[in-house]
2 protein chains.
Amino acid sequence: SVNPDLASERQTASFSVETLTTWLDGSTENTRIRRAVVKAIEGDPVFSRENQYFQSQNERYEAAVRKAVHLQKKMHEMGWTENGPEFKYIYRALSGDVAFLLHRIFMRSISVLGSDKQINKWIPLASQYQLIGSYAQTELGHGTYLQGLETTAVFDVATQEFILNTPKISAMKWWPGDMGRSATHTVVFAQLYVHGKCYGVHPFIVQIRSLQDHSLCPGITAGDIGPKMNFEHIDNGYLMLQNVRIPRENMLNKFCEVQPDGTYVRRGSQQINYFTMTTVRISLISDEVIIPLMKACTIAIRYSVVRRQSKLKPGEQEAKILYYQTQQEKLLPQLAAAYAFHFIKDYLQELLDKGYREIQRKNFDTLPELHAFSSGFKAVVTQYCTSAVEICLRACGGHGYSLLSGLPSLYTKILASCIYEGENTILLLQTARFLMKCFMAASTGQPVPPSVTYLAAGKPGKCPAKNKLDFLSPDIYTEAYQHVAIRLVSNTAAKLQDLIQSGVRKHDAWNQCTVQLVQAAKAHCHYITVKNFAETVEKLETKAGIQKIMKHLCDLFALHGIFSNAGVFLHDGYISGAQMDMVTASYLDLLAVIRKDAVPLVDAFDFTDKSLNSALGSYDGQVYQRLYEWARKSPTNKQINPAYERYLKPLLHNTLSKM
Amino acid sequence: SVNPDLASERQTASFSVETLTTWLDGSTENTRIRRAVVKAIEGDPVFSRENQYFQSQNERYEAAVRKAVHLQKKMHEMGWTENGPEFKYIYRALSGDVAFLLHRIFMRSISVLGSDKQINKWIPLASQYQLIGSYAQTELGHGTYLQGLETTAVFDVATQEFILNTPKISAMKWWPGDMGRSATHTVVFAQLYVHGKCYGVHPFIVQIRSLQDHSLCPGITAGDIGPKMNFEHIDNGYLMLQNVRIPRENMLNKFCEVQPDGTYVRRGSQQINYFTMTTVRISLISDEVIIPLMKACTIAIRYSVVRRQSKLKPGEQEAKILYYQTQQEKLLPQLAAAYAFHFIKDYLQELLDKGYREIQRKNFDTLPELHAFSSGFKAVVTQYCTSAVEICLRACGGHGYSLLSGLPSLYTKILASCIYEGENTILLLQTARFLMKCFMAASTGQPVPPSVTYLAAGKPGKCPAKNKLDFLSPDIYTEAYQHVAIRLVSNTAAKLQDLIQSGVRKHDAWNQCTVQLVQAAKAHCHYITVKNFAETVEKLETKAGIQKIMKHLCDLFALHGIFSNAGVFLHDGYISGAQMDMVTASYLDLLAVIRKDAVPLVDAFDFTDKSLNSALGSYDGQVYQRLYEWARKSPTNKQINPAYERYLKPLLHNTLSKM
């Protein structure tokens, strides 16, 4: 039975939840397939996450391996394939708690960086799990700056082998997933040396564990890097190499090769590598970032209509906490952001598909734009969503702090996305560098990619809004965002030039502008996000039933951004103080409007109770019963109190001193 | 041996670290005592936290009990007493990992709420640990809104007993520390009923476990609430009561009593209860919030001069990451905040001491101010410091995400401070209510507490700064903060009145203003923090050696606040866009200046390696060695891989299908 406080929220929905769900999925067919995958996975007890919050690192790891192994069988049974339409829903349905993700990266790196011969040798072995692969790039001392990697691979002409070493402690490989305990092989990135000359970082396939008994190979030291904030199910590992010899054929040699006599040959373009990173960043935005935020919103919003606390009006029943303006102001902008970023994901995917078509025609012109956009959005979306999940957690008070709410796990996991696949600040600076170049080009009339032509359109101007309703016009707020992006990009470009002209050296000048460069890159991404949301809503015309509520969410996302970053809009008077008061009024009005559809808006994400795995967020809203039921399952309640005989009893019986 | 990259940072300190340390401690004598306590605690293996990051909830709990029990012995040995000068340093030295904190609250509540007779009966038993107490206030369904508690205590005249019940699931006590597994007694807050009439929430002493064998008493259901984001060492518990009978004498009756015939008598003032909450909030700011932030800054800043990544200038060695402006901009404002809040703690303590002197003279006039300030600052400081610790964590990249960095534990623990002892939004609204009252009073010429007389001084005005150096004048920035606080308070008061005058009912009007009320309360606290920091620096005149660097930190704290909340300063043109550019320039200049003293500034916090318990933050900066050493101790590396025989071997040997 559904908690009546939750049921009543559903009865007044202004739109059809099912229509919204299928639209979010892309088609009714997609919705059908997704639900079928979820049903098959969640109906299989091997994939259960029931005890997840009570498990140790060891137990989580074992469960992830078990699931990964079982998944092979399941896919076979269900007729799912890696290229089938079901595949993209499997990981989502498993909520990521599965091993061998790095095995897939191992395979991808061989497919991309290996010769046909290498692909023909290794891919079948890997596909059939006759080996388990990992991907050993990051070292203790180097993450972001790949050129600084310290592992070495020295070519020995006499034996036709590479000799691999991690010559100092900071060179030790550190973090690779699946490597601490599972992998038998890994792709090691190392500085290539031939005849004493360094040729930079190259990838090598190295066996690290015996295929017979899984013992470490000679010269290999490897293990688990220990406890982390989350990802207990992954055996992130360390790896030291001492004079490990591998055959010449194990250097992945599609683009570079060391010939038997030691001649180094480079061929083709390595630009395609950027493309791989781009793909990874765009796909992680969806799976690792937006879905967790959607889950967090679902949990926090459902809880906020079930939880009643204090009174809005004297003499009445206690109020649902979502009816308090401060609670709306915490949660509803995060809900709007989840939608905004879902649409930006589609935007990026389209950009990527277009770029890929060009690349297939050997046209690499789109790569810089793609790289800049995927970097900037990876940073902005992960940062925003991480903060948003934290807000959801805090908005649930004490119960949000319990692991049983599901929110701590979502938070500690999404937090990692700010760091992996490129640290966010570094990525934003790469986007900024692209924007600076484009701005300079646009200013001098040179052609720039269509997505940044707006940079040439800068003019002082003022926001034309005359009353609070004007701020519900997408043109008004989109232009405001555009204005800010142009101003921040152009001002920073000017500062950079001034510094250089005043004699500061280029790299120092760059460093002195980085705080503002980061701001400019964020403003650009924020502008594109708002613009894309507004355009998405506009295109919805035919689906009138959901267009209205999507328009509200778009307005909320945009106005929340202006309200919370007021400074950049007020700075040059583009928006006046009086107009900012109108923004605030419209923004606060919207909260009360969207609150009425808040539950249907999270219902549309269509998460099952099992996938939420939250005592606060289930569809039926039976929060307190579930918290109690689940707490009783805790190992702390299932055994004798370990402290009683040794400490509490002697203390209470006053026999401590006699011990 | 100290890492030379760290050592070099210390050689160029612009001030004496020891002078700063003793000044922070309050006196050289305090420093001496603190170090003696730390030495005694850290030298005792029973108090070791060495394996903390590898322990399960069960193990953490057992260790906390062990430490609490051992602490009794230690205090006796060392001659430390609860009223001695050492006491306040013990908890800090233990890093909070100790049980029976609620036992102390149990005793305090009896001392404050109990009659002399009750005190004489219970306090000696508790002091000698012939019982273990807890404090059962929060329920599954009620935290903030105490009047809504659902546990009942019905007086039975016939037997002269109270009959206690948790009549529905939401009435179950939930969260009390020490209650899940340790406590034998607890103070239960319940709605008192006599002859069918409800007299509101009152405290009752209830035994929940046998003193003989620790089994649950009749009618009691209790246990652990399960895993949380942190505080694994605390057995937060649940408690259900079914017709539990306790004698009439067990209602704490200093202020209210039920006489044998059922007559309810109320006597004296309960205002003093607010004072207890005030004390708790102020003391938690120091122990649970500022110290963790100081630790996080120490870890992140030391790491940032040891970690080298990428190159600032082509051809040079890789640069220490603290030399990048973006890294400075992440960490140095947090360092400045740690100092700012350390000084606000002194400010609050002084306010409290003054208030206490008045209360002893039966003058309760200072209570509203004290309540408003302790509430507002509890919220502002916990929120700010939680975000700050998160920034420190993220600023350490992947290594910050490892539990071994110490940062995840600091973060997950400090996060709870935003929720316990009053949820922050609720607290800020209480501060706002006080500010509204004072503003109204001040506007009509009525007297207000000295700390808020500034609210009457509002006038439009403009910031007089003419160049970026003017913004290094405390008068300039303090006035800007004051101006903003007045504007937000007065504008919100005006909005509130407008709404009411336009016919909106008072409570609805209040709810429609709460987002802005929260902003106003924060602006007030921010202003007081900046003002107090500036005054503290001014008073330092004689200690010239540290005044200069403290002035820099004060400037940084203030300008960072203007830079990151630019909107509220620009809104009415008090600061112009051109002036905001000056703020930005001065702010960025300061980062480069303070960076030079960053390591000495964290060294002055004087944390030992054991108290930091961080592979990244130790005094010697041997980061990579320590990460590796510690990782090898992980239980995941100490046993057979649990997944090998069952899953990996059959997979690799292709015998899965045959299983």
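How many salt bridges does the rule find across the interface of chain B and chain A? The count is six. Welcome to this structure, which is a predicted model. Two topics make a good way in: the interface between chain B and chain A, and the cavities that the structure holds.

**How the two chains meet**

- On each side of the interface, 129 residues take part: 129 of chain B are in contact with 129 of chain A.
- Together, chain B and chain A bury about 10,400 Å² between them, and carbon and sulfur atoms give 62% of that area.
- If you would like a few residues to look for, try R394(B), Y401(B) and L652(B), which supply 8% of the area that chain B buries against chain A, more than any other three residues.

**Salt bridges and polar contacts**

- One salt bridge to find in the model joins the side chains of K330(A) and E423(B), with 3.3 Å from N to O.
- Polar contacts can be counted across the interface too: the rule finds 64 residue pairs, with both residues at pLDDT 80 or more.
- On the side of chain B that touches chain A, helix α15 of chain B (residues 506–539) contributes the largest share, ten residues.
- Sorted by class, that side of chain B has 59 nonpolar residues, 47 polar ones and 23 charged ones.

**The largest cavity**

- Three cavities of 30 Å³ or more are found in the structure, and the largest cavity contains about 70 Å³ of space.
- Its lining is made up of R34(A), V38(A), E42(A), R92(A), A93(A), D606(A), F607(A), T608(A) and S611(A).
- Two elements of chain A, α3 (28–42) and α5 (87–94), are the ones that give two or more residues to this lining, and α3(A) provides the largest share with three residues.
- By class, the lining of the largest cavity has four charged, three nonpolar and two polar residues.

**The second largest cavity**

- The volume of the second largest cavity is about 40 Å³.
- To locate the second largest cavity, look for Y347(A), I528(A), K531(A), N532(A) and E535(A), which line it.
- Helix α15 of chain A (residues 506–539) gives the most to this lining, with four residues.
- The lining of the second largest cavity divides into two nonpolar, two charged and one polar residue.

Terms used. Residues numbered from 1 in each chain as written. Chains lettered and ligands numbered in written order. Heavy atoms only, no water. Contact = heavy atoms within 4.5 Å. Buried area = accessible area lost by both parts, 1.4 Å probe. Salt bridge = Lys/Arg side-chain N within 4 Å of Asp/Glu carboxyl O. Polar contact = N/O pair within 3.5 Å; in protein donor to acceptor, adjacent residues only side chain to side chain. Nonpolar A, V, L, I, M, F, W, Y, C, P; charged D, E, K, R; others polar. 1 Å grid on protein atoms, 1.4 Å probe; cavity = no way out; pocket = protein on both sides within 12 Å on 5 of 7 lines; lining within 4 Å. Points joined across faces, edges and corners; volume = space filled by probe spheres on them.
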